[in-house]
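Work through the exercises below with the sequence and the model at hand. Each task is followed by a solution in steps.

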Amino acid sequence: EKRMFATVPNPIPARMKGLNRAEICDVNFSEFVKSWNGTPDAKPSPGEAILDGSALDAQAFRELFESQLISRHLDLMARVLRVQNKVFYTIGSSGHEGNAMVARATRHTDPAFLHYRSGGFMAERFRKIPGMDPIMDSALSFAASAEDPASGGRHKVWGSKPLWVLPQTSTIASHLPKALGTAIAIEAAKRIGHQLPVPDDSIAICSFGDASANHATAQTAFNAASWTAYQKLPAPVLYVCEDNGIGISVKTPSGWIAESFRNRPDLDYFFADGLDL
């Protein structure tokens, strides 16, 4: 035992102590881009397709990229300010910024129940209503400010009443049944003649991580969605699994999400590359 303990290295090397690892990644990325020596394409006009055959034009691409940058820099500054004890939340959205496209493709009146790594989605949805500031609202939330419009400083959550992002935590998939219930309610209101606060063709949107897909609460939501569809009861919900294959507690096996979802009865499954806007 003495020999074993003598050979266990310090888990944090001295040279790493006090370093901002997020900043190191950011600097490495910037240097990589600056040193790129490929041949650029001709600059497209704002309304021109970003690539041949793409439905995305250059102007929309720039806006999406800006939303992604807003999300990433909020992550970086949260870490900087956490060291200064000015903010209290640093679980960021880095690596999930592709969900900005989900916000682009939907309306701000589509109720959204978001995974806590959906900063790109939030930054892009803020474009739907002129004059709103995604940076200030997010910063107030990071700082647990009483002026935070989403939770009043009680917790770091994505939320906005005018943007129909319903604030909640998402770490144990507790928001997935809520999204399905909202979708069922949208359709039920039309049948019984109840006035909805959103357009009657709205859909509910719900993002979650790959590890959450295995949680009992999530499985309850998926089973209920399948059961509902089997009975021909409309429930317009879009579940977006942000599968990075990592999983905070248990690593997700390669291909598990596709294998788990593509054969579920009465649920439509499709795949999108989150790195390809």
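**Exercise 1. The largest cavity**

Task: Identify the residues that line the largest cavity, and sort them by class and by helix.

Solution.
Step 1. The model is a predicted one. In it, the largest cavity is lined by Met-122, Phe-126, Pro-134, Asp-137, Ser-138, Ser-141, Asp-148, Pro-149, Ala-150, Val-157, Trp-158 and Gly-159.
Step 2. Sorted by class, this lining has seven nonpolar, three polar and two charged residues.
Step 3. Helix H6 (residues 134–142) gives the largest share of the lining, four residues.
Step 4. The space in the largest cavity is about 70 Å³.

**Exercise 2. The second largest cavity**

Task: State how many cavities of 30 Å³ or more are counted, and describe the second largest cavity.

Solution.
Step 1. The count is two cavities of 30 Å³ or more.
Step 2. The volume of the second largest cavity is about 40 Å³.
Step 3. Its lining consists of Asn-99, Val-102, Leu-114, Ser-118, Phe-121, Ile-205, Ser-207, Val-240 and Glu-242.
Step 4. Strand E2 (204–209) and strand E3 (237–242) each contribute at least two residues to this lining.
Step 5. By class, five of the lining residues are nonpolar, three are polar and one is charged.

**Exercise 3. A lining residue in detail**

Task: Place Val-102 in its helix and decide whether Val-102 is buried or exposed.

Solution.
Step 1. Val-102 belongs to helix H4.
Step 2. The relative accessible area of Val-102 is 18%. The cut-off for buried is under 20%, so Val-102 counts as buried.
Step 3. Along the chain, Val-102 and Arg-125 are 23 residues apart, and their C-alpha atoms are separated by 9.1 Å.

**Exercise 4. The second largest pocket**

Task: Describe the second largest pocket by its volume, its lining residues and their classes.

Solution.
Step 1. The second largest pocket holds about 330 Å³ of space.
Step 2. It is lined by 14 residues, and those closest to its centre are Ala-22, Cys-25, Asp-75, Arg-79 and Ser-94.
Step 3. Helices H2 and H3 (58–83) each provide at least two of the lining residues.
Step 4. The classes are four nonpolar, four polar and six charged residues.

**Exercise 5. A patch on the surface**

Task: Which residues form a nonpolar patch on the surface, and where does Val-33 lie?

Solution.
Step 1. The patch is formed by Phe-29, Phe-32 and Val-33, and their accessible area together is about 340 Å².
Step 2. Val-33 lies in helix H2 (residues 21–34).
Step 3. A patch residue needs over 30% relative accessible area. Val-33 has 46% and is partly exposed, so the value for Val-33 is above that cut-off.

**Exercise 6. Salt bridges of helix H3**

Task: Find the partners of Glu-63, Glu-66 and Arg-72, and say which parts of the chain each pair links.

Solution.
Step 1. Side chains of opposite charge can pair when their charged atoms come close. The total for this model is nine salt bridges.
Step 2. Glu-63 makes a salt bridge with Arg-104, at 2.6 Å from N to O. Glu-63 is in helix H3 and Arg-104 is in helix H4 (residues 100–105), so this pair joins distant parts of the chain, 41 residues apart. Both are partly exposed: Arg-104 has a relative accessible area of 25% and Glu-63 one of 22%.
Step 3. Glu-66 pairs with Arg-127, with 2.7 Å between the closest N and O atoms. Glu-66 is in helix H3, while Arg-127 is in the loop between helix H5 (119–125) and H6, so parts 61 residues apart in sequence are tied together. Glu-66 is partly exposed at 41% relative accessibility, and Arg-127 is partly exposed at 31%.
Step 4. Arg-72 meets Glu-97 in a salt bridge of 2.7 Å, N to O. Arg-72 is in helix H3 and Glu-97 in the loop between H3 and H4, so the pair ties together parts 25 residues apart in sequence. Arg-72 is partly exposed at 31% relative accessibility, whereas Glu-97 is buried at 7%.
Step 5. Through shared partners, salt bridges join Glu-63, Glu-66, Arg-104, Glu-124 and Arg-127 into one network.

Notes: Residues numbered from 1 in each chain as written. Predicted model: local features only at pLDDT ≥ 70, side-chain atom pairs only at ≥ 80, totals over all residues. Heavy atoms only, no water. Patch = residues over 30% accessible without salt bridge, like charges linked within 9 Å, V, L, I, M, F, W, Y side chains within 5 Å. Areas by Shrake-Rupley, 256 points an atom, 1.4 Å probe, with all protein chains shown as cover. Salt bridge = Lys/Arg side-chain N within 4 Å of Asp/Glu carboxyl O. Buried < 20%, exposed > 50% of the residue type's maximum accessible area, 1.4 Å probe, protein only. 1 Å grid on protein atoms, 1.4 Å probe; cavity = no way out; pocket = protein on both sides within 12 Å on 5 of 7 lines; lining within 4 Å. Points joined across faces, edges and corners; volume = space filled by probe spheres on them. Nonpolar A, V, L, I, M, F, W, Y, C, P; charged D, E, K, R; others polar.
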